[in-house]
Amino acid sequence: MSSGLNNMIKKLDQMEKGAKSLEGTHSIPLSELCDQKFLSKHTSGNFSNLNDFFKAGKFGNLTFEEVPDDKWDEWVKKSTDFTSWNEMMKSATQAYVSKKLGF
């Protein structure tokens, strides 16, 4: 077999393994969905992780769960290329799946 065909078969095998790892229901930590690469690509700041992104929102002593949805959406819209947290999560999920499939 040619090396091109071998590479293609190897890539398809990796995609199959990735697809199998995505089967069923999963709970993926936000920090894994919104990793440094994702944040670097989509935010206006230099955030190394989601915690830094949250802190930069200056929500005082509130936890993530305590921040009102409208305030969080405002922060996301102001500091990312998304219009809402929901849109950001959809994009992060798509990026995660693509990475798992080897794209």
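1. The largest pocket. In this predicted model, the largest pocket has a volume of about 320 Å³. Its lining is made up of 15 residues, and those closest to the centre of the pocket are K37, F38, A95, Y96 and K99. By chemical class, the lining comprises six nonpolar, four polar and five charged residues.

2. Elements around the pocket. Three helices each supply at least two residues of the lining of the largest pocket: α2 (30-33), α3 (36-42) and α6 (85-101). Of the elements, α6 gives the most, with seven residues. The student may wish to locate α6 in the structure before reading further, as this helix returns in point 4 below.

3. Overall composition. The chain contains six helices and zero strands. Read from the N terminus, its elements follow the order α-α-α-α-α-α. The chain has 103 residues, and 27% of them are buried. If one takes the contacts between residues at least 6 apart in sequence, 51% join residues at least 24 apart.

4. The two sides of helix α5. Which residues of helix α5 (residues 69-79) are buried? They are W72, W75, V76 and S79. These residues cover an arc of only 100° around the axis, and therefore they lie on the same side of α5. A general property of helices is helpful here: an α-helix has 3.6 residues a turn, so residues three or four places apart point the same way. The face of α5 turned away from the buried side carries K77 and K78, which are exposed. The buried residues of α5 pack against α3, α4 (50-56) and α6.

5. Aromatic pairs. The whole structure holds 11 aromatic pairs. In one of them, the ring centres of F64 and W72 are 5.2 Å apart and the ring planes stand at 85°; because an angle over 60 degrees counts as edge-to-face, this pair is placed in that class. In general, a pair of aromatic rings is described by the distance of the centres and the angle of the planes. The two partners are not equally accessible: F64 has 30% relative accessibility and counts as partly exposed, whereas W72, at 4%, counts as buried.

6. The aromatic cluster. F64 and W72 also belong to one aromatic cluster, together with F47, F53, F54, F59, W75 and W85. Two members of this cluster, W72 and W75, are among the buried residues of α5.

7. Residue H42. This histidine is located in helix α3. Is H42 buried or exposed? Its relative accessibility is 13%, and since buried means under 20%, H42 counts as buried. When neighbours within four places in sequence are left aside, H42 is in contact with S79, T80, D81, F82 and S91. One of these partners, S79, is itself a buried residue of α5.

8. Residue K58. The backbone of K58 deserves a separate remark. Most residues other than glycine have a negative phi. K58 is not a glycine, yet it has a positive phi of about 50°. Where does K58 lie? K58 is found in the loop between α4 and α5. Its relative accessibility is 72%, and because exposed means over 50%, K58 counts as exposed.

Note on methods:
Residues are numbered from 1 along each chain as its sequence is written. This is a predicted model: local features need pLDDT of at least 70, side-chain atom pairs count only at pLDDT 80 or more; totals for chains, interfaces and linings use all residues. Side-chain values use heavy atoms; hydrogens and water are left out. Rings of Phe, Tyr and Trp (its six-membered ring) pair if their centres lie within 6.5 Å; planes under 30 degrees apart count as stacked, over 60 as edge-to-face and the rest as tilted. Buried means under 20% relative accessible area, exposed over 50%, partly exposed in between (1.4 Å probe, protein chains only). On a 1 Å grid over the protein atoms alone, a cavity is a set of points where a 1.4 Å probe fits but cannot get out, and a pocket is an open set with protein on both sides within 12 Å along at least five of seven lines; lining residues have an atom within 4 Å of a point. Grid points are joined across faces, edges and corners, and a volume is the space filled by probe spheres set on the points. Helices (H or I, at least four residues) and strands (E, at least two) are DSSP runs, numbered from the N terminus. Ala, Val, Leu, Ile, Met, Phe, Trp, Tyr, Cys and Pro count as nonpolar, Asp, Glu, Lys and Arg as charged, and the others, Gly among them, as polar. The arc is that of the directions from the helix axis to the C-beta atoms. Contact means heavy atoms within 4.5 Å.
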